[in-house]
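Work through these exercises with the structure open beside you. Each task is followed by a solution in steps.

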Amino acid sequence: MLDRILEGAIRGTSSSGNMQAFSIIVTTDPALKQALYPLHFEQDMVLEAPAFVTFCADFHRMRRWLEASDAPDNFDNLMSFMIGAIDAILVAQSAALAAEQEGLGLCFLGTTLANCAAISEVLQLPANVVPVVGFSLGYAAEAPGPRDRLPTHGLVHRNVYQAPDVREIYEARQSRGWARYMQDDQLRAMVEASGVQNLAQLYTTVKYTRESHQAYSATILDCLERQNFLAG
Ligand SMILES: Cc1cc2nc3c(=O)[nH]c(=O)nc-3n(C[C@H](O)[C@H](O)[C@H](O)COP(=O)(O)O)c2cc1C
C-alpha cells in the first residue's frame, strides 16, 4: 500500500524542471523511530504510528549526476534549496491525500524543519539534502471532527490583494479556537498557567515564541550552510 501511495504521489506531482529534487525517507525501524522521537519533541505519534515519512529537499543525486556527466553544477544556493523544498512539499501533500484515500491517517510534524540538522544526522543525509516536512502514518486510532478554517474570502483575493478585515476574518477562529483549548483539561491548565487572555496571545506567547522561532531560524540557516545550499 505504501508503494502504491508513494508511486502515485511521485507520478502525479509536478516538479520544477522535472528535476524531482526531493527524497522521501520512510522510517519503520523502531530504533530509528526512537532516535527521531526526541527530535520531534516527543510527540507520541512518532512512536505509535508504524511509519514516519520524511520529505527532503535533495540536490545530492542531481549534483552527482552533473559531475559524472561533466556538466556545470549551479545548485549550491538558496534558489536550489527552495526548488527542492517546493518539490518535497508538493509530493508530501500528494502522498498525504493518497494515504487518506487508502483509509490511513497522518499528522504532519513541523519539528521536521525546526530540528532539520539533528534529523539529518539520524537519517544519514548526505550534503545537499535537507528535511523539510514529515508525517507520521498509520491507521488512525481516533476520528476527530474537522478543524475549522478561516473564511475563504479572507484567503482568496480577486486580481490583486484586498485589504483584510482582520477582525471579521478571525472572529470565529478567536472564539472557537479558544473554546477548543478550554474543553481539554490539559490544554486549559496550560493556558491558565500562562495567563494569556485570548487565542492570538496564545499563538505568540505559548505556541510560537520569539525565542523559539529565532532558535529554529538559526538551526535552519546552519543546516542550509552545512548542507551546501548557501554558497552564494
Ligand atoms: C507543516 C505542518 C506542521 C505541523 N506540525 C504539527 C506538529 O508538530 N504537531 C501536530 O500535532 N500537528 C502538526 N500539524 C498539523 C496541524 O496542526 C493541522 O494540520 C491543523 O491543525 C489543521 O488540522 P487538519 O489538518 O486536521 O485540518 C502540522 C501541519 C503542517 C502543515
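**Exercise 1. The end of α5**

Task: Find which residue just after α5 takes a positive phi, then describe the helix before it.

Solution. This is a predicted model.
Step 1. Go to the residues that follow α5. G103 has a positive phi of about 90° there.
Step 2. Check the length of the helix. α5 has 24 residues. From its first C-alpha to its last it reaches 35 Å, close to the 34 Å expected at 1.5 Å a residue.
Step 3. Look for buried positions. They include S80, F81, I83, G84, A85, D87 and A88. Further along α5, V91, A92, A95, A96 and A99 are buried too.
Step 4. Ask what lies over them. The cover includes the helices α1 and α12 (210–226). It also includes β1 (22–27), β2, β3 (105–108) and β4.

**Exercise 2. The nonpolar core**

Task: State how many residues the largest nonpolar core has, and which element gives the most to it.

Solution.
Step 1. Count the members. The largest nonpolar core has 40 residues.
Step 2. Pick out the residues with the most contacts inside it. They are F55, C56, A57, A88, A95, V130 and V132.
Step 3. List the elements that each supply at least two residues of this core. The helices are α1 (2–12), α2 (30–39), α5 (78–101) and α7 (116–122). The strands are β2 (51–58) and β4 (129–138).
Step 4. Name the main contributor. α5 gives the most, with nine residues.
Step 5. Recall the general background. In soluble globular proteins, nonpolar side chains tend to be buried together.
Step 6. Zoom in on C56. Leaving out residues up to four places away in sequence, C56 touches F22, S23, I25, A88, L125, V129, V130, P131 and V132.

**Exercise 3. Two residues of one strand**

Task: Decide whether V129 is buried or exposed. Then place G138 on the scale of buried, partly exposed and exposed.

Solution.
Step 1. Locate V129. It sits in strand β4.
Step 2. Apply the cut-off. A residue is buried if 20 or more other C-beta atoms lie within 10 Å of its own. V129 has 24 other C-beta atoms within 10 Å, so V129 is buried.
Step 3. Find its partners. Setting aside neighbours within four places in sequence, V129 is in contact with S23, C56, D58, H60 and Q227.
Step 4. Compare sequence and space. V129 and S212 are 83 residues apart in sequence and 24 Å apart in space, C-alpha to C-alpha.
Step 5. Turn to G138, which also lies in strand β4. G138 has 16 other C-beta atoms within 10 Å, so G138 is partly exposed.
Step 6. Repeat the distance check. G138 and M45 are 93 residues apart in sequence, yet 9.2 Å apart in space, C-alpha to C-alpha.
Step 7. List the contacts of G138. Without residues up to four places away in sequence, they are A49, P50, A51, L104 and G105.

**Exercise 4. Positive phi without glycine**

Task: Describe where Q124 and N159 lie, and say whether each is buried or exposed.

Solution.
Step 1. Begin with Q124. Its phi is positive, about 55°, although Q124 is not a glycine.
Step 2. Place Q124. It belongs to the loop between α7 and β4.
Step 3. Count neighbours. Q124 has 9 other C-beta atoms within 10 Å, so Q124 is exposed.
Step 4. Move to N159. Its phi is positive, about 70°, and N159 is not a glycine.
Step 5. Place N159. It is in the loop between α8 (152–155) and α9.
Step 6. Count again. N159 has 5 C-beta neighbours inside 10 Å, so N159 counts as exposed.

**Exercise 5. Helix α9 and the domains**

Task: Find how many of the 18 residues of α9 are buried, and give the distance between the domain centres.

Solution.
Step 1. Check the span. The 18 residues of α9 (residues 166–183) should span 26 Å at 1.5 Å a residue. The end C-alpha atoms are 25 Å apart, which agrees.
Step 2. Count buried residues. The count in α9 is zero; this helix is hardly covered.
Step 3. Read the domain assignment. It gives domain 1 (2–144 + 210–226) and domain 2 (152–207).
Step 4. Take the distance. The C-alpha centres of domain 1 and domain 2 lie 28 Å apart.

**Exercise 6. The ligand shell**

Task: Say which residues are around the ligand, and sort them by class.

Solution.
Step 1. List them. They are Q43, C107, F108, L109, G110, T111, V133 and R147.
Step 2. Sort them. The shell has four nonpolar, three polar and one charged residues.

Conventions:
Residues numbered from 1 in each chain as written. Predicted model: local features only at pLDDT ≥ 70, side-chain atom pairs only at ≥ 80, totals over all residues. Near = placed C-beta within 6 Å. Nonpolar A, V, L, I, M, F, W, Y, C, P; charged D, E, K, R; others polar. Core = buried A, V, L, I, M, F, W, Y, C linked by C-beta atoms within 7 Å. Buried ≥ 20, exposed ≤ 12 C-beta atoms within 10 Å, placed from the backbone. Helix = DSSP H or I, 4+ residues; strand = E, 2+ residues; numbered from the N terminus. Contact = placed C-beta atoms within 7 Å. Expected span 1.5 Å × (residues − 1). Domains from an automatic or database assignment.
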